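Student: Could we go through this structure together, one topic at a time? I would like to ask short questions as we go.

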Amino acid sequence: MSKTIQIPDELVQLLGPEEHLPQAFTEAVVLELFREHRVSAGKAAELLDLSYREFLDLLQTKNIPVVTTSPRDPQEVADLLRRVKESA
């Protein structure tokens, strides 16, 4: 299924040549979904019709980390470090 959306002219100009617009828009959306942990790297690669390796290369060119963690409470981190030290 595909949908038609209206994109402001200024955004169209920022995304590059009009003939590349569908791919540029799709890439931007999929990369944001990946950053938000809403799709996996494998699913993102599939949505962009890339191999997993090609997707990892794309992340590298865009300076997007492959592995991210959600922010943690500083006290939680301190407690975790203390438990690790105690068990060592």
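Tutor: What follows is a conversation about a predicted model, and we can begin wherever you like.

Student: How many aromatic pairs does the structure hold?

Tutor: The structure holds one aromatic pair. The rings belong to Phe-34 and Phe-55, and because their centres are 5.4 Å apart while their planes stand at 80 degrees, the pair is edge-to-face.

Student: And where do Phe-34 and Phe-55 lie?

Tutor: Phe-34 is part of helix 2, which covers residues 21-35, whereas Phe-55 belongs to helix 4, which covers residues 52-61, so the pair ties together parts that are 21 residues apart in sequence.

Student: Are those two buried or exposed?

Tutor: Phe-34 and Phe-55 are both buried.

Student: Okay, the helices themselves then. How should I describe two packed helices in general?

Tutor: Two packed helices are described by the angle between their axes together with the distance between those axes. Here, the axes of helix 2 and helix 4 come within 12 Å and cross at roughly 90 degrees. Helix 2 and helix 4 are therefore roughly perpendicular to each other.

Student: Which residues make that contact?

Tutor: On the side of helix 2 the contact is made by Glu-27, Leu-31 and Phe-34, and on the side of helix 4 by Phe-55, Leu-58 and Leu-59. By character, the residues of this contact between helix 2 and helix 4 divide into five nonpolar, no polar and one charged.

Student: What about Glu-27, is it buried or exposed?

Tutor: Glu-27, which has its place in helix 2, has a relative accessible area of 19%, and because the cut-off for buried is under 20%, Glu-27 counts as buried. Setting aside residues up to four places away in sequence, Glu-27 touches Leu-48, Leu-58 and Lys-62.

Student: And what does Leu-31 touch?

Tutor: With residues up to four places away in sequence again not counted, Leu-31 touches Phe-55, Leu-58, Leu-59, Lys-62 and Ile-64.

Student: Switching to the core: how many residues has the largest nonpolar core, and which have the most contacts inside it?

Tutor: The largest nonpolar core has 13 residues, and those with the most contacts inside it are Leu-31, Phe-34, Phe-55 and Leu-59. The elements that give two or more residues to this core are helix 2, helix 3, which spans 41-47, and helix 4. Helix 4 supplies the largest share of the core, namely four residues.

Student: Back to helix 2 for a second. What is Val-30 in contact with?

Tutor: Val-30, which is found in helix 2, is in contact with Val-39, Ala-44, Leu-47 and Leu-48, leaving aside its neighbours within four places in sequence. Val-30 has a relative accessibility of 5%, so Val-30 counts as buried. As for distances, Val-30 and Lys-43 are 13 residues apart in sequence, and their C-alpha atoms are 9.2 Å apart in space.

Student: How about Ala-28, what is its relative accessible area?

Tutor: Ala-28, whose place is also in helix 2, has a relative accessible area of 39% and is partly exposed. From Ala-28 to Leu-15, 13 residues apart in sequence, the C-alpha to C-alpha distance is 9.1 Å.

Student: New topic, backbone angles. What sign does phi have in most residues other than glycine?

Tutor: Most residues other than glycine have a negative phi. In this model, His-37 has a positive phi, near 65 degrees, and Asp-49 has a positive phi near 55 degrees.

Student: Where are His-37 and Asp-49 found?

Tutor: His-37 is found in the loop between helix 2 and helix 3, and Asp-49 has its place in the loop between helix 3 and helix 4. His-37 is exposed, with a relative accessible area of 51%, and Asp-49 likewise counts as exposed, at 70% relative accessibility.

Student: Last one: which helix does Ala-78 lie in, and how far is it from Leu-31?

Tutor: Ala-78 lies in helix 5, which covers residues 74-87, and is partly exposed, with a relative accessible area of 37%. Ala-78 and Leu-31 are 47 residues apart along the chain, and their C-alpha atoms are separated by 32 Å.

Technical notes:
Residues numbered from 1 in each chain as written. Predicted model: local features only at pLDDT ≥ 70, side-chain atom pairs only at ≥ 80, totals over all residues. Heavy atoms only, no water. Phe/Tyr/Trp six-rings, centres within 6.5 Å; stacked < 30°, edge-to-face > 60°. Buried < 20%, exposed > 50% of the residue type's maximum accessible area, 1.4 Å probe, protein only. Contact = heavy atoms within 4.5 Å. Axes fitted to C-alpha atoms, helices over the stretch in contact; angles between N-to-C directions. Parallel < 35°, antiparallel > 145°, perpendicular 65-115°, else oblique. Nonpolar A, V, L, I, M, F, W, Y, C, P; charged D, E, K, R; others polar. Core = buried A, V, L, I, M, F, W, Y, C linked by side-chain atoms within 4.5 Å.
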